[in-house]
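Open the model in your viewer and keep the selection panel at hand, since each stop below names what to select next and then says what is there.

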Amino acid sequence: MTAHSDVIIIGSGPAGVSAAWPLVESGVQVLLFDAGTGAFDDSAVSRPDLSALRSGNFPQRQDFLGKEYSTLRQNNGVSPKLRTMPPDGYGEEYLAANTLQTENFRMIGALGTAGLSAVWGGAVAAFDANEMAKYPVPYDDMKRSYGIVAERIGLSGSTNDDLGAYLGEYLPVQPALPLSPAVERLYAAYGRFGGFPDLTMGRARNAVLSRDHNGARACSLNGGCMWGCPTGAVYSSYRDLEALRRFPNFKNVNGRIITKIDRADHGIRIEAKSRNGAETSIYESGSVVLAAGTLASSRLVAQALKLQNQTTRLLTTPGIAFVLLQPSWLGRAMPQSFYGMAQLCFRHALSSRSGDELFGLIYDAAGVSAVDVMASMPLSRPSAVALTKALQPAMLICLAFFPGEYSSNVINLNTNEHGETEMKIKGGNRAGFDLAIREAVRQLRKRFLKLGALILPGSLTVLEPGADSHYGGAFPMGERIGADGEVTEMPGLYVADGTVLNALPAKNLTFTIMANADRIGRNLSRKLKNA
Amino acid sequence: MPLENPTQHIVVTGASGYIGASLVEVLLQQGFYVTALGRSRGNGSGHPHFRLIEWDLTARPPAEAFAVSARFGKPIAVIHLAHKWQSNSCEEIDENYQATQELLALSRSCGIAKFIFASSMSARHDALNRYGRVKARIEELLFGPGEIAVRIGMVYGGAERGLWGTLCDLVGRTPILPMVQPGTLVQPIHIDETITGLIRLATTHDGTKPMMAFGADEPVPFCVCLREIARYRYGKSLKIIPIPLWLALTAVKVAGVLPFFPARLEQRILGLAGLKTLPSQSDMNFLGLNLKPFTCALHDDMKRKPRPLIEEGRILFKYGFRAEPSCRFLKRYVRALTAIGDPRPLVLPAMVKRWPALMAFIEPFPGKKGGNELQRRLRFMLHIAETTPEAVRSLYDYRGRGLFRISFVVLQTALREAVSFPFRLLRRIFQ
């Protein structure tokens, strides 16, 4: 079967929908493929507040454990979020569908509709001109796209605190969500202290609504964010997909995995397989935009170009996690209603070099299951249960990321005799990373102590390479791929996701991927109009 | 291989045995007419398509079983499962050999298309036991078209009868099992698969080999089978002590003098010792059988008889929360483990089963990648406990208990850990 359309987009994650918007709005026929069911997982919609669930009045097992105990299947201690709401097609199935092999690398990917954005925490930051110095892209274009995406999805936070400019002060931002008491105390101490030369702190910038926006509802401070947002205030690309489906020139084909990309007489031909592999269909289009997520897209680029034994880098932002104890909140109650994901963020300079810094997010531990909190405590379980109950109200969880230059992951791409491209990822961090962690934690321990909070001894966890799920930069713009996202050797094939990023600062990359996809989609729609 | 005519007639011997009883049940379900040749009725009793014709292995087989009658047409196959373990005669004139010879002659004279003889993986002329040698001699009788000897591996699952019943019973009785050559490889096959295979063999029109191997192509050490049975059925570990063959033979000879010593046990012990494996993949493919792994049946068993898991859930909960769990918790614990396909019960020391608090001395420190079995199960228990009202209050503080109470808890925890910590550390060093 062959079908035609002006533009084919592969992937329904944040990059895919962001590239789709400008094209659809300019009247171009768009066909968007994704591997998921296309349906929204609404299991969280009717869930009561987290505190009500924990009072024992709503002993519903599905609320914590998912349908058919699905949340207990991924009990391998990666991220609580991946345990509590494992996305569709996460894990083994994702590896198999992408013929991926990993070594020392924690692969996080999902085949489901909306991709990883279905489990996104919503941390948002615009890269500044310095951070984009390596990008062959005019910064004003990016700035414009940042603004357009921010306007569409809705952000909350603050533009006039110490990190307002760092995260992008020119963006439309709704008021920040209220802080929970234990976090409030830390932030108040920071306010009194007035900052440090190497540590600045501010309200987290999130793709989470504090006011109703474009038909989406605001955060209800349910607290159970880790189990899925009941109001839909946390952005996932489902929201955009639903809006796009209302356009007559937008079509969405679900349950398809793209296996091959080839040149056709007039443009590009793609081969799509059904999820169970039973059905294969062929589609052709003048332009194909790849937005399947960095790893899947990189593999498809390699397949399209029939690369043999090609080795490329894969950027990640190596992460660490630790627990902060707020002694002034010991003995007090857990918050009844609060926002369960990042409330504050911080920036810690690792050296005097610009960009050599740690970007951290601070969560109230109340939003995490006590079982996950106590998982790495070296105590016997009865003690861990008792101690967690005692300390959790005063615990904050910090997640901090290093810039991409600290990672040294390698992808090996090879096309086998069947024309399939195999991908091997070898994870790693650059030499001296352990030392950098030790030094950073030593400094942070001192700083936080000044703010009255202490890093709980033994709580430091270094994430496995890849566990941060911030993947990018396998085929950066300016090499095989042009600044407009077009693959030089295969005109008509565009790449619009993390694959093409040139460098990763410590900040979260999703917002930049969306803005860049918007920019690529916008350029493409202009090109199609002129043609 | 679909059935051509579902109202076909099959003669079965040994219809009340472990395989026979299930075979008759399935045959009748699938619309076959069944004649049981033997002494007892088995599972077919009262079914309109079933009849019993009395026959003892030592007597001449009754010709009426093969004749066309008002209700029963000409049989398409004989499935000969019967075996007499206790013999009064010497091996050369074994009753089983004689009986099969006569049954086969009758079947040939009546022009029955298939004669399927249940042999054994242990069938060999130089087998250590009489059973294996007799089976091997009988196999030689079969040379005509449609005459097939089926060498069946270790049949397991279903009702606890036959060798399977003996094994289930045996591992439940003792924590230590002396055994001849525990590493002997066996080829397990589930009872349902055995029956499907036999029926397909009886009804297929494709040419068959004179000898078929029924069992997993990839053999499993017998001691592994026994350990898994002990674990799934009783939640306990089984120590297997290898004993030399001469000792076992002497012991069996001595025991054989005793009047109550079951003859088949002796035969089975010896049968195992000399067992060799047979490639079976092509035969399984021929019959369209895709054998499930041995543990699958044990997994399924957990859904019906989850007692070891209930006990495990109770012990872990008592350890974590120092209280008895509710039925709701236990039900969820068992359901969740079976739902996620990991219902293999933990093996816990008897002392811990008696006093769960003692687990503090053996609980390992958290490790990478989810830790060991006990840790994973403890974590699992806590996740389930979080969904039950009685435990969730022990996990979260939504009232604020004040600094004094918190200090008390911290102190108490420190003291408790100070007691158990050295033991855990020692355990870790020695592992």
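Select Ile79(B) and then Ile116(B), which is its bridge partner in E5(B). In this predicted model, local features need pLDDT of at least 70 and side-chain atom pairs count only at pLDDT 80 or more, while totals for chains, interfaces and linings use all residues. Residues are numbered from 1 along each chain as its sequence is written, chains are lettered from A and ligands numbered from 1 in the order in which they are written, and side-chain values use heavy atoms, with hydrogens and water left out.

Widen the selection to strand E4 (residues 77-80) and strand E5 (residues 114-120) of chain B, which run parallel and are joined by four bridges. Helices (H or I, at least four residues) and strands (E, at least two) are DSSP runs, numbered from the N terminus, and two strands pair if DSSP finds at least two bridges between them. These strands belong to an open sheet of seven, in the order E3-E2-E1-E4-E5-E6-E11 (chain B), with parallel pairing. Strand E3 (50-54) and strand E11 (211-214) of chain B are the edge strands, each pairing on one side only. From one strand to the next, the twist averages 20°, where axes are lines fitted to C-alpha atoms, for helices over the stretch in contact, and angles run from 0 to 180 degrees between N-to-C directions.

Move next to chain A, where an open sheet of four strands has the order E3-E17-E16-E11 (chain A) and mixed pairing. Strand E3 (100-103) and strand E11 (310-314) of chain A each have a single partner strand, so one side of each is left without a neighbour in the sheet. Select E3(A) together with strand E17 (residues 421-426) of chain A: the two run parallel and are joined by four bridges, and Gln101(A) stands opposite Lys424(A) in E17(A). Then add helix H10 (residues 294-304) of chain A, which lies across E11, strand E16 (409-415) and E17 of chain A and runs at about 135° to E17(A).

Now display both chains and select the interface, where 47 residues of chain A are in contact (heavy atoms within 4.5 Å) with 44 residues of chain B. Chain A and chain B bury about 4100 Å² between them, 63% of it on carbon and sulfur atoms; this buried area is the accessible area (1.4 Å probe) that two parts lose on being put together, summed over both. Highlight Tyr69(A), Val371(A) and Lys389(A), which supply 16% of the area that chain A buries against chain B, more than any other three residues.

Which residue of chain A forms a salt bridge with Arg379(B)? It is Asp372(A), with the closest N and O atoms 2.8 Å apart, a salt bridge being a side-chain nitrogen of Lys or Arg within 4 Å of a carboxyl oxygen of Asp or Glu. The count between chain A and chain B is two salt bridges.

For the last stop, select Glu486(A) and Lys527(A), which form a salt bridge whose closest N and O atoms are 3.0 Å apart. This pair links distant parts of the chain, 41 residues apart: Glu486(A) is in the loop between strand E19 (461-462) and strand E20 (493-495) of chain A, and Lys527(A) is in helix H14 (residues 510-530) of chain A.
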